Amino acid sequence: MTATPSTLSTLTYRLPQERKIVTDQLPGPVSADLAARTAASVPRGIAPALAGYVVDADGGVLVDADGNSFVDFASGIAVTSVGASNEKVVAAVREAVGHFTHTNFTTSPYASYTAVAEKLAEITPGDFDKRTVLLNSGAEAVENAVKIARSYTKKNAVVVMDRAYHGRTNLTMAMTAKNVPYKSGFGPFASEVYRAPMSYPLHDGLTGPEAAEQTIYQMEKEIGAENLACVVIEPIQGEGGFVVPAEGFLPAIAEWCRANDVVFIADEIQAGMCRTGDWFAVNHEGVVPDMMTTAKGIAGGMPLSAVTGRAEIMDAPGPGSLGGTYAGSPVACAAAIAALSQMEDLDLAGRARGIEAVAREILEPLVGEAGASGSRVAEVRGRGAMLALEFVDAEGRPDGAVVKKIAAACQAAGLLILTCGLDGNVIRLLPPLVIGEDLLRDGLTVLAGAVRENI
Ligand code: PLZ
């Protein structure tokens, strides 16, 4: 079901929902000073995309220190789905910190941690007994999922997909595919991580079952199920290019895992939490993972991540073998409870579907349009409010250069977009799910114009 566009217009906001560049150039003078201070105090490895320094954010806008108001198509990388200053989340955080900021759940427990675990058991697919452990970051959730799968299966090998992204810690760097900027120079990496082909319909031309057959063949011949603890898959790849596997790929891999005592782990850190028009991206094909990692959108911007899975798997590590000082912070848990109920109350999954309908209406006509440079949009793809445009040059090769130009043109006009893909040739759209229809249309129109001017 597609939400009617009017569904996208009914929210109220604290800040004006407008795209407005008030400075002669970007960054404006205050942000330029801050950028100079940053350059003198922060390593260049941290490289901000937006020229403006943010002082306020709400709904679909980011306001910088010079008064520029940018349309936000990034959501802090798929985090602020309920808005960056959602009133219910802010109130929950204020209430929580007014009582205590921290105790450490394993030292002195509190109810909000348990309530988040209960809620995740309810909303994740699978009609079986579940357990949830809370952590801080996505990478930490992925690390813990692998630890638990190894503990349960008593096997070591981990399979990840081509182009996968799972984080920047040592184990998750090994699981992440892209060399620059994530891995280069940072080895040696964790062992027993193997890469297998992921369905990529635009490039492999295979059906889901055909692609799965290839992947399964490789897992069987190069690793062997008897050595394999888990397969970790982003049901829609994030950093790797917003790649949606062909229908039937995920169910076939999940089924093979089930038949071979291999834990099937869905990394829903970017795609989950209503982003794709359902609670989780696996739901679109009725896939039920043994374990799922979530983070990002879960707590309305507070750092929180989770591993949710079958009770018998999650209970494999013994008492005291999971934890972390800040893992499942009471402030983040309070925020998560509020954010998750906002997702239900505001029907953010429905809004994500409404965003897709509006975005496809404006962006799909770009496919096949030939520009002066010969570059073109090869595909508009994705689900819900996780949408992307892939660019190729006149010879059909990945075109990262044109994507850089388009992103710069968008920012100059007051629209923040992010890029992704192994070749940096994909523009991805991750607007807050609470963005209003007028602002959404305005941002998409700016994007379509920047595409037409630069291809
Ligand atoms: N798994 C599927 O998308 C984080 C990375 C941003 P953390 N993606 C954004 C960057 O440049 O560092 C991500 C993800 C998937 C795991 C992670 C890791 O989550 O919270 O960044 O550790």
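Helices (H or I, at least four residues) and strands (E, at least two) are DSSP runs here, numbered from the N terminus. The model in every view below is predicted.

**View 1. Two cis prolines sit in the loop between H6 and E6.** That loop runs between helix H6 (170-175) and strand E6 (193-196). Look for the bond from valine 180 to proline 181, which is cis with omega near 10°. The bond joining glycine 187 and proline 188 is cis as well, with omega about 5°. As a reminder, most peptide bonds are trans.

**View 2. Arginine 163 has a positive phi.** Its phi is about 65°, and arginine 163 is not a glycine. You'll find arginine 163 in the loop between strand E5 (157-161) and H6. With a cut-off of under 20% relative accessible area for buried, arginine 163 makes the grade at 14%.

**View 3. Aspartate 347 has a positive phi too.** Here phi is about 45°, again in a residue that is not a glycine. Aspartate 347 belongs to the loop between H11 and H12, and at 36% relative accessible area it is partly exposed.

**View 4. The largest nonpolar core has 125 residues.** Val231, Ile253, Met291, Leu363, Phe391 and Leu447 touch the most other members. Helix H11 (residues 330-345) is the top contributor, giving ten residues. Domain 1 (29-82 + 347-454) and domain 2 (90-345) both chip in, so this core lies between them.

**View 5. Leucine 363 and its contacts.** Set aside neighbours within four places in sequence, and leucine 363 is in contact with Val380, Leu389, Leu429, Leu444 and Leu447. Another core, of eleven residues, lies apart from the largest one, and Ala78, Ile236, Met386 and Val426 are among its members.

**View 6. Domain 1 meets domain 2.** The C-alpha centres of the two domains are 25 Å apart, and 33 residues of domain 1 are in contact with 32 residues of domain 2. About 2,600 Å² is buried between them, with carbon and sulfur atoms giving 62% of that area. On the domain 1 side, Arg383, Met386 and Leu422 lose the most area to domain 2, together 28% of what that side buries.

**View 7. Polar links across the domain interface.** There are 17 residue pairs in polar contact between domain 1 and domain 2, plus one salt bridge. The side chains of arginine 428 and glutamate 239 meet in a salt bridge, 2.8 Å from N to O. Several elements supply at least two residues each to the domain 1 side, including helix H12 (348-363) and strand E15 (426-429). E11 gives the most to that side, with five residues.

Definitions and conventions:
Residues numbered from 1 in each chain as written. Predicted model: local features only at pLDDT ≥ 70, side-chain atom pairs only at ≥ 80, totals over all residues. Heavy atoms only, no water. Core = buried A, V, L, I, M, F, W, Y, C linked by side-chain atoms within 4.5 Å. Buried < 20%, exposed > 50% of the residue type's maximum accessible area, 1.4 Å probe, protein only. Domains from an automatic or database assignment. Contact = heavy atoms within 4.5 Å. Buried area = accessible area lost by both parts, 1.4 Å probe. Salt bridge = Lys/Arg side-chain N within 4 Å of Asp/Glu carboxyl O. Polar contact = N/O pair within 3.5 Å; in protein donor to acceptor, adjacent residues only side chain to side chain.
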